[in-house]
Amino acid sequence: MLSTTLAILGSLGMFLFGMRVMSEALQKLSGERLRSMVRAMTGNRFVGVGTGFTVTCLVQSSSASTVMIVSFVNAGLLTLLESIGPILGANLGTTTTFWLVSFLGFKFSVSSIALPIIGIGFPLLFIKKSKVSDTGEFLIGFGLLFLGLLFLKDSVPDIRGNTEALAFIQSFTDRGIVSVLAFFVFGTVLTIIVQSSSVAGAITITMAAKGWIDYPSAAAIILGENVGTTITANLAAITANTAAKRAALAHFCFNIIGVVWAIALFAPFASLIDLLVPGDSADPANIPLHMAGFHTMFNLINIALVIGFVPQLAKLVERLIPERPKPRSEHLKFHSSAIPQTGELNIAEAEEDVRGMGRLTRELLEGFVSIFETPGPDVTERLARLEKAEERSDKKAFEITDYLLKCSAGHLSESTLTRVSSLMRVVAELEDICDCGYRLCVLAERKARKNRQLPPETLREIRAFADVLFQFMDFWSGCIGRPVTSSDMETAFQLESFIDQSRKRLRKESLRRMQASGDAIKAELLYIDILNNMESIGNHSLNILQALRHRE
């Protein structure tokens with residue numbers, strides 16, 4: 001008994017490991033394509049369904065794709081309304097795993113060629129070209145997945161030869177709606193335990209093929225697995241903001257709505273699938289394909305029922321989870337669970353956080369201009385608020401860098417690793433700009449507090465200088481999410497050169513004023529410090545563009 005249990009666990013481990021390796025390789029092979037799909041997640045719910053379906057097919061895990069969608073909502077990349085379409089598509093996308101396992105694993109004996117597939121993939125790992133080595137990794141994952149499935153089929157005993165065990169199992173299958181509910185709960189609990197609907201599905205298919213359960217029981221378990229797989233996203237959203245919690249709840253509500261009608265119409269619905277899918281469902285050999293058909297039709301009908309009421313579903317979860325004033329969690333916690341990670345897609349979330357840090361640089365520069373031009377009696381309080389903004393930038397820089405490091409710990413393509421390095425350099429430059437911005441605010445506050453008097457023309461000069469810096473900030477902020485061209489770099493060099501020349505010109509004018517009159521030396525020295533810090537912002541801005549240029 002112990003050896004059988006360990007063999008089953010080992011088979012499941014190989015199956016899940018193979019799926020993970022295959023998923024990570026697929027992400028590396030189609031990383032940029034996946035990111036472009038994410039950008040296509042718009043308010044069009046039908047496009048969202050297609051995007052969610054495609055992404056889930058590529059990562060081979062609805063848990064991974066829904067966690068990714070929830071994290072995008074948490075980061076502000078998607079609104080709640082925009083996230084529901086991809087969530088619906090993710091539920092449909094996970095049905096491809098059922099077809100893959102049911103057909104290739106049980107109808108077509110791909111398990112017999114699993115080792116040759118691994119043999120083909122292994123030498124490809126040592127080829128330096130990333131696409132070739134990623135293809136080799138995919139082949140190895142594919143082979144391990146079906147090798148694990150082969151071992152699982154061999155490890156699970158055929159219950160049809162054990163009349164006592166068969167009678168015990170069948171005693172749970174002849175109780176009408178009670179049996180349906182019992183197997184539904186079993187499917188939910190099984191998926192929560194293994195944290196993967198794909199693994200739970202493989203277990204269920206194997207049980208059915210070995211005669212442990214009949215077709216209706218397997219169909220009820222599938223309904224439970226659809227609910228169980230929503231737990232992963234809801235667990236991930238515990239530390240997230242309100243919008244992310246609502247997106248995770250919308251996923252749960254969608255599946256609960258489907259379960260309600262499917263259980264109410266269970267017998268006719270199961271019979272309909274029996275008519276549509278060829279083969280007698282009473283034969284355990286045919287149950288896997290019937291299960292795949294049941295799973296697919298359930299999600300298709302559920303999407304058709306819900307897609308017209310997406311705004312109403314969004315309003316429902318908004319009522320269930322009201323807005324509460326809580327500090328925003330910058331990221332979902334990095335998951336080290338067994339579900340396949342989506343490191344290639346997490347870069348989009350990191351880019352949004354980098355843009356958020358870029359907005360802090362602008363906030364600090366605007367604060368400086370405000371204090372310099374209109375100090376007022378509340379200048380000390382305004383400086384205190386700006387100091388907190390600078391502290392937020394330090395914290396944000398640490399969190400984003402830590403997040404990027406954790407993303408890079410996964411299996412990423414070479415281009416994505418370069419992108420991660422580029423973003424970390426950008427974060428460092430942004431932190432330096434925030435430091436410069438806060439120093440400017442301190443200098444402006446000192447000018448007001450000590451009543452340092454400067455010629456009236458310096459007010460216009462500082463404003464013009466700041467406007468160029470604002471233009472530079474807007475420019476590099478727009479380049480974060482797209483490729484940087486040679487034309488972009490030419491514009492960046494022109495802006496930096498203009499800033500450098502302006503600083504030199506204004507500094508010479510300040511020195512002439514000091515030579516002409518020694519009464520305002522301290523004010524002029526403060527003015528030169530302001531010019532130097534503004535020029536430093538220009539230098540860091542150019543560094544940002546250079547980092548973004550080398551990310552491709």
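What share of the contacts in the chain with a separation of 6 or more is accounted for by residues 24 or more positions apart? I looked this up before turning to single elements, and the figure is 83%. I note at the outset that the model is predicted.

**Entry 1: the chain as a whole**

I counted the secondary structure and found 23 helices and zero strands. I then checked burial over the 552 residues of the chain, of which 55% are buried.

**Entry 2: helix 16**

I compared the length of helix 16, residues 287–306, with expectation. At 1.5 Å a residue, its 20 residues should span 28 Å, and the end C-alpha atoms are 28 Å apart, so the two values agree. I also asked how far this helix is covered: 15 of its 20 residues are buried, and I therefore record helix 16 as mostly covered.

**Entry 3: helices 11 and 12**

I next examined helix 11 (residues 197–209) against helix 12 (residues 215–228). Their axes lie 10 Å apart, and the packing angle is about 170°. Angles over 145 degrees count as roughly antiparallel, and the two helices are therefore roughly antiparallel to each other. By class, I find four nonpolar, three polar and one charged residues in this contact. From helix 11, the residues concerned are S197, A200, G201, T204 and A208. These meet A218, I221 and E225 of helix 12.

**Entry 4: T188**

I followed E225 to a further partner, T188, which belongs to helix 10 (residues 177–194). Leaving out residues up to four places away in sequence, T188 touches G224, E225, V227 and G228. I also looked for a polar partner of the T188 side chain, and it reaches the backbone oxygen of G224 at 3.1 Å. Is T188 buried or exposed? Its relative accessibility is 13%, and T188 therefore counts as buried, the cut-off being under 20%.

**Entry 5: helices 19 and 20**

I repeated the packing check for helix 19 (residues 379–408) and helix 20 (residues 414–449). The axes of these helices come within 10 Å and cross at roughly 170°. Helix 19 is therefore roughly antiparallel to helix 20. I recorded the classes of the residues in contact here as 16 nonpolar, four polar and six charged.

**Entry 6: E351 and R419**

Which side chain does E351 meet in a polar contact of 2.8 Å? I found that the partner is the side chain of R419. E351 itself is found in helix 18, residues 343–373. With a relative accessible area of 5%, E351 is buried.

**Entry 7: N451**

I moved on to the loop between helix 20 and helix 21 (456–479), where N451 has its place. Phi of N451 is near 55°, and I noted this as a positive value in a residue other than glycine. N451 has a relative accessibility of 54% and so counts as exposed, the cut-off being over 50%.

**Entry 8: L320**

My last check concerned L320, which is found in helix 17 (residues 310–320). At 51% relative accessibility, L320 counts as exposed. Setting aside neighbours within four places in sequence, I find L320 in contact with L249 and C253. L249 and L320 are 71 residues apart along the chain, and their C-alpha atoms are separated by 8.9 Å.

Notes
Residues are numbered from 1 along each chain as its sequence is written. This is a predicted model: local features need pLDDT of at least 70, side-chain atom pairs count only at pLDDT 80 or more; totals for chains, interfaces and linings use all residues. Side-chain values use heavy atoms; hydrogens and water are left out. Helices (H or I, at least four residues) and strands (E, at least two) are DSSP runs, numbered from the N terminus. The expected span of a helix is 1.5 Å times one less than its number of residues. Buried means under 20% relative accessible area, exposed over 50%, partly exposed in between (1.4 Å probe, protein chains only). A polar contact is a pair of N or O atoms within 3.5 Å; within protein, one must be able to donate a hydrogen and the other to accept it, and residues adjacent in sequence count only if both atoms are side-chain atoms. Axes are lines fitted to C-alpha atoms, for helices over the stretch in contact, and angles run from 0 to 180 degrees between N-to-C directions. Angles under 35 degrees count as roughly parallel, over 145 as roughly antiparallel, 65 to 115 as roughly perpendicular and the rest as oblique. Contact means heavy atoms within 4.5 Å. Ala, Val, Leu, Ile, Met, Phe, Trp, Tyr, Cys and Pro count as nonpolar, Asp, Glu, Lys and Arg as charged, and the others, Gly among them, as polar.
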